[in-house]
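Q: I'd like to learn to read a model like this one feature by feature. Can you walk me through it?

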Amino acid sequence: MNQMNLDISAVLFDEHKIQARLREIGSQISSDYAGKVPVLIGILKGGFIFMADLVRAIDIYVEMDFMAVSSYGTGTTSTGAGKIRKDIDINVEGRDVIIVEDIVDSGLSLQYIKDYVWKHKPASVRVCVLLDKPTAHKLEIEFEYVGFEVGNEFVVGYGLDYGELYRNLPYIGILKEEMYS
Ligand code: PRP
């Protein structure tokens, strides 16, 4: 019995649905970047499972790196990006970069990361997000590949946490309000 399941009010995207969508995005990226070797930058921690599954759905050569950015938000709200906690190691000058992020909430983290990556003079930057929460955006932000849209509920699992827990749930679900209120 998975104790964590009791804390979830609804499963939004199960393993099969996530993997099916990743296969679509993976083949789209493989065809968009045919003949190139893009650098995928996974955003830690939330993006680690998405990144791991996404790269296995891509069948062209890719390089991988990771970045960690601390946000000021705690608990269920995000108030935007703070500072770089783990920098990229690959020199992305002249390279085609794909930022791989688990969720766009306010959009502040992603904007910060995009601006930061552009400072390294890449040839191009695109963004692949698993979840988009359009009603929470605080700025206009563009991303090219999106897994699913979600409403304003608090989602956990498949990399996404609440208080560092639930990242290991194999699905994406809505956390019961009583768990954080
Ligand atoms: C989460 C998530 C995104 C960001 C989205 O990261 O992984 O990076 O917040 O929020 P925003 O669009 O409002 O900026 P978090 O700072 O919780 O760190 P984590 O990935 O380590 O859980």
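A: Sure, starting with a term we'll need: a residue is buried when its relative accessible area is under 20%, and exposed when that area is over 50%. Keep in mind that we're looking at a predicted model.

Q: Which residues of H2 are buried?

A: In H2, these are Ile49, Phe50, Met51, Asp53, Leu54 and Val55. That makes 6 of the 8 residues, so H2 is largely enclosed by the rest of the structure.

Q: What do the buried residues of H2 pack against?

A: Packing here comes down to contact, meaning heavy atoms within 4.5 Å. The partners are H1, strand S2 (39-44), strand S3 (63-71), S5 and S6.

Q: Let's go to H1. How far does it reach from its first C-alpha to its last?

A: For a helix, you compare the end-to-end span with what 1.5 Å a residue would give. H1 runs over residues 15-32, 18 residues in total, and spans 25 Å, close to the expected 26 Å.

Q: Which residues of H1 are buried, and which are exposed on the other side?

A: Ile18, Leu22, Ile25, Gly26, Ile29 and Ser30 are the buried ones. They take up an arc of only 140 degrees around the axis, which means they sit on the same side of H1. Over on the other side, His16 and Arg23 are exposed.

Q: And what does the buried side of H1 pack against?

A: Its buried residues pack against S1, H2 (48-55), S5 (96-104), S6 (124-132), S7 (145-149) and S9.

Q: What caps the N-terminal end of H1?

A: For a cap, look for a side chain reaching a backbone nitrogen at the helix end. Asp14 plays that part: one of its side-chain oxygens lies 3.2 Å from the backbone nitrogen of His16.

Q: Now the cores. How many residues are in the largest nonpolar core, and which have the most contacts inside it?

A: A nonpolar core is built from buried residues such as Val, Leu and Ile, joined through side-chain atoms within 4.5 Å. The largest one here has 28 residues, and Ile29, Leu54 and Leu131 have the most contacts inside it. Elements giving it two or more residues are H1, H2, S5, S6, S7 and S9. H2 provides the largest share, 5 residues. Apart from this core lies another, of 19 residues, including Ile41, Ile43, Val97 and Val104.

Q: What does Leu54 touch?

A: Setting aside residues up to four places away in sequence, Leu54 touches Leu22, Ile25, Gly26, Ile29, Leu40, Val100 and Cys128.

Q: How do I read the open sheet? In what order do its strands come?

A: Follow the strands from edge to edge and check the sense of pairing. This sheet has 3 strands in the order S1-S9-S8, with antiparallel pairing. S1 (8-13) and S8 (155-156) are at the edges with a single partner strand each, so one side of each has no neighbour in the sheet. S1 pairs with S9 (residues 172-175) over 4 bridges, and Val11 has Gly173 in S9 as its bridge partner.

Q: What about unusual backbone geometry? Where is there a cis peptide bond?

A: The general idea is that most peptide bonds are trans, and most residues other than glycine have a negative phi. In this model, a cis bond joins Leu44 and Lys45, with omega at about -5 degrees. Lys45 is in the loop between S2 and H2.

Q: Is Glu164 buried or partly exposed, and what about Tyr166?

A: Glu164 is partly exposed, with a relative accessible area of 44%, whereas Tyr166 counts as buried at 5%. Both bear on the phi rule. Glu164 has a positive phi of about 75 degrees without being a glycine, and Tyr166, also not a glycine, has a positive phi near 75 degrees. Glu164 lies in the loop between S8 and S9, and Tyr166 is found in the loop between S8 and S9 too.

Q: One last feature, side chains that contact the backbone. Which backbone nitrogen does the side chain of Glu144 reach?

A: That of Val127, at 2.8 Å. Glu144 is in the loop between S6 and S7 and is partly exposed, at 36% relative accessible area. Ser106 gives another case: a polar atom of its side chain lies 3.1 Å from the backbone nitrogen of Leu108. Ser106 is found in the loop between S5 and H3 (108-118), and at 3% relative accessibility Ser106 counts as buried.

Methods
Residues are numbered from 1 along each chain as its sequence is written. This is a predicted model: local features need pLDDT of at least 70, side-chain atom pairs count only at pLDDT 80 or more; totals for chains, interfaces and linings use all residues. Side-chain values use heavy atoms; hydrogens and water are left out. Two strands pair if DSSP finds at least two bridges between them. The expected span of a helix is 1.5 Å times one less than its number of residues. Buried means under 20% relative accessible area, exposed over 50%, partly exposed in between (1.4 Å probe, protein chains only). The arc is that of the directions from the helix axis to the C-beta atoms. A polar contact is a pair of N or O atoms within 3.5 Å; within protein, one must be able to donate a hydrogen and the other to accept it, and residues adjacent in sequence count only if both atoms are side-chain atoms.
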